[in-house]
Amino acid sequence: MVRYQWGIFWANMNPAAGTEQAGSIPVLVISSEVVNEVLPVVTIVSITSFKPGRRVYPIEVLLNGKDSQLAEDSIVMAHQIRSISKERLGQQCGYIDSEQIRQSIRTAVKLYLDME
């Protein structure tokens, strides 16, 4: 059985509208594994590559490749949160092991949703 929570997967995010992330992109599953086991959807946040000089906002978390198993440094974007069908998920390409990074992501999501 696939373990989804804290996994980074390639996901087909088309169709997209406006400034939504589009195409095949890495996403981080943040929904509870208990829920992931029974529902056909997972809640994700989009990940984008980090470009030198780009500001990282309080509702974002910088990941280095070592922390994510991705090929390059990336940014988890709490403002790009959504629930998607598991059918959109492709191959797993990383995982967040660090409890410190997980907590930073939780904090960014809570800040974005005004839940702190």
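1. Start with the surface. In this predicted model, a nonpolar patch is formed by V34, V35, V38, L39 and V41. Together these residues have about 420 Å² of accessible area.

2. Look at L39 within that patch. L39 lies in the loop between α1 (33-36) and β3 (41-49). Is L39 buried or exposed? Neither label fits: its relative accessibility is 39%, so L39 counts as partly exposed. The reason is the cut-offs: buried means under 20% and exposed means over 50%.

3. Now the sheet. Six strands make an open sheet, and their pairing is antiparallel. The order is β4-β5-β3-β2-β1-β6. Which strands stand at the edges? They are β4 and β6 (89-95). Each has a single partner strand, so one side of each has no neighbour in the sheet. From one strand to the next, the twist averages 45°.

4. Check the pairings one by one. β3 and strand β5 (residues 74-85) run antiparallel and are joined by nine bridges. Here V45 stands opposite I81 in β5. β5 also pairs with strand β4 (residues 60-63), again antiparallel, through four bridges. L63 has S74 in β5 as its bridge partner.

5. Go to the β6 edge. β6 pairs with strand β1 (residues 7-12) over four bridges, in the antiparallel sense. The bridge partner of A11 is L89 in β6.

6. Finish with the helix on the sheet. Helix α3 (residues 99-112) packs there and touches β2 (24-29), β3, β4, β5 and β6. The direction of α3 makes about 70° with that of β5.

Definitions and conventions: Residues are numbered from 1 along each chain as its sequence is written. This is a predicted model: local features need pLDDT of at least 70, side-chain atom pairs count only at pLDDT 80 or more; totals for chains, interfaces and linings use all residues. Side-chain values use heavy atoms; hydrogens and water are left out. Patches are made of residues with over 30% relative accessible area and no salt bridge: like charges are joined within 9 Å, nonpolar side chains (Val, Leu, Ile, Met, Phe, Trp, Tyr) within 5 Å. Accessible areas come from the Shrake-Rupley method with a 1.4 Å probe; for residues, only the protein chains shown count as cover. A salt bridge is a side-chain nitrogen of Lys or Arg within 4 Å of a carboxyl oxygen of Asp or Glu. Helices (H or I, at least four residues) and strands (E, at least two) are DSSP runs, numbered from the N terminus. Buried means under 20% relative accessible area, exposed over 50%, partly exposed in between (1.4 Å probe, protein chains only). Two strands pair if DSSP finds at least two bridges between them. Axes are lines fitted to C-alpha atoms, for helices over the stretch in contact, and angles run from 0 to 180 degrees between N-to-C directions. Contact means heavy atoms within 4.5 Å.
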